[in-house]
Amino acid sequence: MIHPDTADTQPSPLPRQQSTIKKISTFLQLSKIGLYVGAGLSIIDMLFDIAMIIEYYNTNRVQFAKASLASICLNLIFQSCLVIIQNQKRGKFILLREVLSVVTLVKPGVDVY
């Protein structure tokens, strides 16, 4: 309990709490921006990979195209397996939605949203 004689001389903790809340809020906003940038870069990277596969096929470098395509397919299979393991108890609809977001290459964007 605060003694009545010293009540006016002690600083209020409220400004410090407000300052801390403001710092945390700013950090969370910047973190969210970073997540959106990361998700966007991931999707753009996959689009460039697809463009390179098409370019390899058009220039008769089929081995490179097949190797790139195999790499992407193995990655998608691995990610799908992880999603199935993580979501197997959440119901078939959620599991299907999560696997489709992996296969359609929009999983990073879905995770950020």
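What share of the 113 residues in the protein chain is buried? In this predicted model, buried residues make up 15% of the chain. The fold itself is simple to write down: four helices and zero strands, giving the pattern α-α-α-α along the sequence. As for how contacts spread along the chain, take those between residues at least 6 apart in sequence: 33% of them join residues at least 24 apart.

Next comes the interior. In soluble globular proteins, nonpolar side chains tend to be buried together. Here, the largest nonpolar core has ten residues, namely Met46, Ile53, Tyr56, Ala65, Ile72, Leu76, Val83, Leu95, Val99 and Val102. Three helices each put at least two residues into this core: α1 (14-58), α2 (62-87) and α3 (92-103). The biggest contribution comes from α2, with four residues.

Now for the way the helices pack. Two packed helices are described by the angle between their axes and the distance between the axes. For α2 and α3, the angle is about 160° and the axes are 9 Å apart. Since angles over 145 degrees count as roughly antiparallel, α2 is therefore roughly antiparallel to α3. As for handedness, the crossing of α2 and α3 is right-handed.

On the α2 side, the residues taking part are Leu76, Gln79, Ser80, Val83, Ile84 and Asn87, and they meet Leu95, Glu98, Val99, Val102 and Val103 of α3. By character, the residues of this contact split into seven nonpolar, three polar and one charged. Several names turn up again from the core list, among them Leu76, Val83, Leu95, Val99 and Val102.

Two residues of α3 are worth a look one by one. Setting aside residues up to four places away in sequence, Val99 touches Ser80, Val83 and Ile84. Val99 is also a member of the ten-residue core, as is Val83.

The other residue is Glu98, which lies in helix α3. Is Glu98 buried or exposed? Its relative accessibility is 9%, and the cut-off for buried is under 20%, so Glu98 counts as buried. Leaving out neighbours within four places in sequence, Glu98 is in contact with Val83, Asn87 and Lys107. Val83 thus shows up in the contacts of Glu98 and in those of Val99, and both Val83 and Asn87 are on the α2 side of the contact with α3.

How values were computed: Residues numbered from 1 in each chain as written. Predicted model: local features only at pLDDT ≥ 70, side-chain atom pairs only at ≥ 80, totals over all residues. Heavy atoms only, no water. Core = buried A, V, L, I, M, F, W, Y, C linked by side-chain atoms within 4.5 Å. Buried < 20%, exposed > 50% of the residue type's maximum accessible area, 1.4 Å probe, protein only. Contact = heavy atoms within 4.5 Å. Axes fitted to C-alpha atoms, helices over the stretch in contact; angles between N-to-C directions. Parallel < 35°, antiparallel > 145°, perpendicular 65-115°, else oblique. Left-handed = near helix turned anticlockwise from the far one by under 90°. Nonpolar A, V, L, I, M, F, W, Y, C, P; charged D, E, K, R; others polar.
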